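Work through the exercises below with the sequence and the model at hand. Try each task before reading its solution.

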Amino acid sequence: QEHLVESGGGLVQAGGSLRLSCAASELTFSIYEIAWYRQAPGKQRELLATISSHGTTTYADSVKGRFTISRDNDKKSSYLQVNSLKPEDTAVYYCNAIYAGMRTKYDYWGQGTQVTVSS
């Protein structure tokens, strides 16, 4: 059962933009913190941005000013706008939904969407 499905990746030239989407199902989406990660071949998964259930955002220094995370609770979706893309942004991009309550923790991942940036 897929709780999160990413889309929007593709092949883009350097300097281009993409809007990645993460659609949730079977979740009370509004209570989850959402994070976007990426993983390039041979590298560790890298945290890019987070957005809390209240809309507070954080960004990794490597993408600050170029990437924007957002969410639409009515659509049970999160988005990652990626601008001014560079070849080194090539990776599989994942979304992650986390809820940590007093006694329970839920942690879901999508299958990822490939972003390839050509020079």
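**Exercise 1: a threonine in a strand**

Thr113 has a relative accessibility of 9% and therefore counts as buried (buried means under 20% relative accessible area, exposed over 50%, partly exposed in between, with a 1.4 Å probe and protein chains only). The model is a predicted one, in which local features need pLDDT of at least 70, side-chain atom pairs count only at pLDDT 80 or more, and totals for chains, interfaces and linings use all residues. Residues are numbered from 1 along each chain as its sequence is written, and side-chain values use heavy atoms, with hydrogens and water left out.

Task: state which strand holds Thr113, and which backbone nitrogen its side chain reaches.

Solution.
1. Thr113 belongs to strand β11 (strands are DSSP runs of E, at least two residues, and helices are runs of H or I, at least four residues, numbered from the N terminus).
2. The side chain of Thr113 reaches the backbone nitrogen of Gly9 at 3.0 Å.
3. Leaving out residues up to four places away in sequence, Thr113 touches Glu6, Ser7, Gly8, Gly9, Leu20, Ala91, Val92 and Tyr93 (contact means heavy atoms within 4.5 Å).

**Exercise 2: strand β3 and its partners**

Task: explain why strand β3 is described as largely enclosed, and find the partners of Ser7 and Leu20.

Solution.
1. Strand β3 covers residues 18-24; five of its seven residues are buried, so the rest of the structure largely encloses it.
2. Strand β1 (residues 4-7) pairs with β3 in the antiparallel sense over four bridges (two strands pair if DSSP finds at least two bridges between them). Opposite Ser7 stands Ser21 in β3.
3. Strand β8 (residues 77-82) is joined to β3 by six bridges, and the two run antiparallel. The bridge partner of Leu20 is Leu80 in β8.

**Exercise 3: two positive phi angles**

Task: locate Lys76 and Ser84, and decide whether each is buried, partly exposed or exposed.

Solution.
1. Most residues other than glycine have a negative phi.
2. Lys76 has a positive phi, near 50°, and sits in the loop between β7 and β8. Its relative accessibility is 34%, so Lys76 counts as partly exposed.
3. Ser84 has a positive phi near 50° and lies in the loop between β8 and β9. Its relative accessibility is 41%, so Ser84 counts as partly exposed.

Key. A polar contact is a pair of N or O atoms within 3.5 Å; within protein, one must be able to donate a hydrogen and the other to accept it, and residues adjacent in sequence count only if both atoms are side-chain atoms.
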